[in-house]
Amino acid sequence: MAELTRKELLLALISAGDRPRLSGLDLSGLDLAELDLRGANLINTKLGRADLSLADLSEAKLTGAVLIEAHLNRARLNKADLTDADLTGAYLKEASLLMGVLSGAKLANAQLTFAKLGEALANAAHLRGANLNGANLTFSKFVDCDFSDANLSGADLSGADLRHCDLRGADLSYANLSNADISHALIESANFTGANLRGLFSSGVDLHVAVLENAIMPDGTHYGAEVVTTIR
């Protein structure tokens, strides 16, 4: 049960001024939609199943926060620190996490369709089964991440760092991976149908173990019947 009601929280925010301190509180299940929580200290705060839709959490500190199945659709989390936060099954459709920090965050089965994660730092994040259809992940760092069985169809991963990632069974159909780096990634059964792989760095990866139908290959040619060997 939440420690504060929405009314009590609003009063606390008014009295706190800039960068309110809400760390460690239990705000589970609260309606926090559209609230201005910019720069708030929410370290280790419990926000499971809370409604934060359209809330502004830009530059908020959410390290270790529990956001399991929280509703963050169209929320603003630009430059927010979500290191080691638990967002398992969270709803982040069209959320903006530009330059956010998600290292070690748990995002398994999270809904991130059309979310904006450009230039995010998310090394070692867990995204197994997450839905990132149409998401913007340009120039983001996802080293050592688990994207197994994730939906990245139509996502923009141009310039992204995906070294050592687990992409087994992931759907990357029609994704843009131009100039991305998937060196030493696991890609068995990944689907790159129609994907743009122009300029892709893939040292230590045999692209032939993935589905490549109609893909644009790293050298700019279209995938055909020929065997694709390891690209170094």
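**Figure 1. Surface and overall form of the chain in the predicted model.** The chain exposes about 10,400 Å², and carbon and sulfur atoms supply 49% of this exposed area. Buried residues make up 49% of the 232 residues in the chain. The secondary structure consists of 1 helix and 0 strands. The radius of gyration is 19 Å, close to the 17 Å that the globule rule gives for 232 residues, so the chain is as compact as a globular protein of that length. Along its principal axes, the C-alpha trace spans about 65 × 25 × 20 Å. Among the contacts with a separation of 6 or more, residues 24 or more positions apart account for 5%.

**Figure 2. The cavity and the residues that line it.** Rolling a probe the size of a water molecule over the atoms shows where empty space is left. How many cavities of 30 Å³ or more does the structure hold? The structure holds 1 such cavity. The largest cavity has a volume of about 50 Å³. Its lining includes Leu97, Leu102, Leu107, Leu112 and Leu117, and Leu127, Leu132 and Leu137 also belong to the lining. Ala122 and Phe142 are lining residues as well. By class, the lining of the largest cavity has 10 nonpolar residues, with no polar and no charged residues.

**Figure 3. The surroundings of Ser96.** Ser96 is placed in the segment after α1. Is Ser96 buried or exposed? Ser96 counts as buried because its relative accessibility is 11%, and the buried class covers values under 20%. Not counting residues up to four places away in sequence, Ser96 touches Ala75, Arg76, Leu77, Asn78 and Lys116. One of these contacts, Arg76, can also be described by its distance along the chain and in space. Ser96 and Arg76 are 20 residues apart in sequence, and their C-alpha atoms are 4.9 Å apart in space.

**Figure 4. The surroundings of Gly104.** Gly104 lies in the segment after α1, the helix formed by residues 6-16. With a relative accessible area of 17%, Gly104 is buried, since the buried class covers values under 20%. Which residues does Gly104 touch, not counting residues up to four places away in sequence? Gly104 touches Asp84, Asn123, Ala124, Ala125 and His126. A further distance relates Gly104 to Ala65. These two residues are 39 residues apart along the chain, and the C-alpha atoms of Gly104 and Ala65 are separated by 12 Å.

**Figure 5. Glu59, a residue with a positive phi.** Glu59 lies in the segment after α1. Its phi is positive, at about 60°, although Glu59 is not a glycine. The relative accessible area of Glu59 is 40%, so this residue is partly exposed. That class lies between the buried limit of 20% and the exposed limit of 50%.

**Figure 6. Phe114, a residue with a positive phi.** Where does Phe114 lie? Phe114 lies in the segment after α1. Phe114 has a positive phi of about 60° and is not a glycine. Phe114 is partly exposed because its relative accessible area is 46%, a value between the limits of 20% and 50%.

Definitions and conventions. Residues are numbered from 1 along each chain as its sequence is written. This is a predicted model: local features need pLDDT of at least 70, side-chain atom pairs count only at pLDDT 80 or more; totals for chains, interfaces and linings use all residues. Side-chain values use heavy atoms; hydrogens and water are left out. On a 1 Å grid over the protein atoms alone, a cavity is a set of points where a 1.4 Å probe fits but cannot get out, and a pocket is an open set with protein on both sides within 12 Å along at least five of seven lines; lining residues have an atom within 4 Å of a point. Grid points are joined across faces, edges and corners, and a volume is the space filled by probe spheres set on the points. Ala, Val, Leu, Ile, Met, Phe, Trp, Tyr, Cys and Pro count as nonpolar, Asp, Glu, Lys and Arg as charged, and the others, Gly among them, as polar. Helices (H or I, at least four residues) and strands (E, at least two) are DSSP runs, numbered from the N terminus. Buried means under 20% relative accessible area, exposed over 50%, partly exposed in between (1.4 Å probe, protein chains only). Contact means heavy atoms within 4.5 Å. The radius of gyration is taken over C-alpha atoms; the globule rule is 2.2 Å times the number of residues to the power 0.38. Accessible areas come from the Shrake-Rupley method with a 1.4 Å probe; for residues, only the protein chains shown count as cover.
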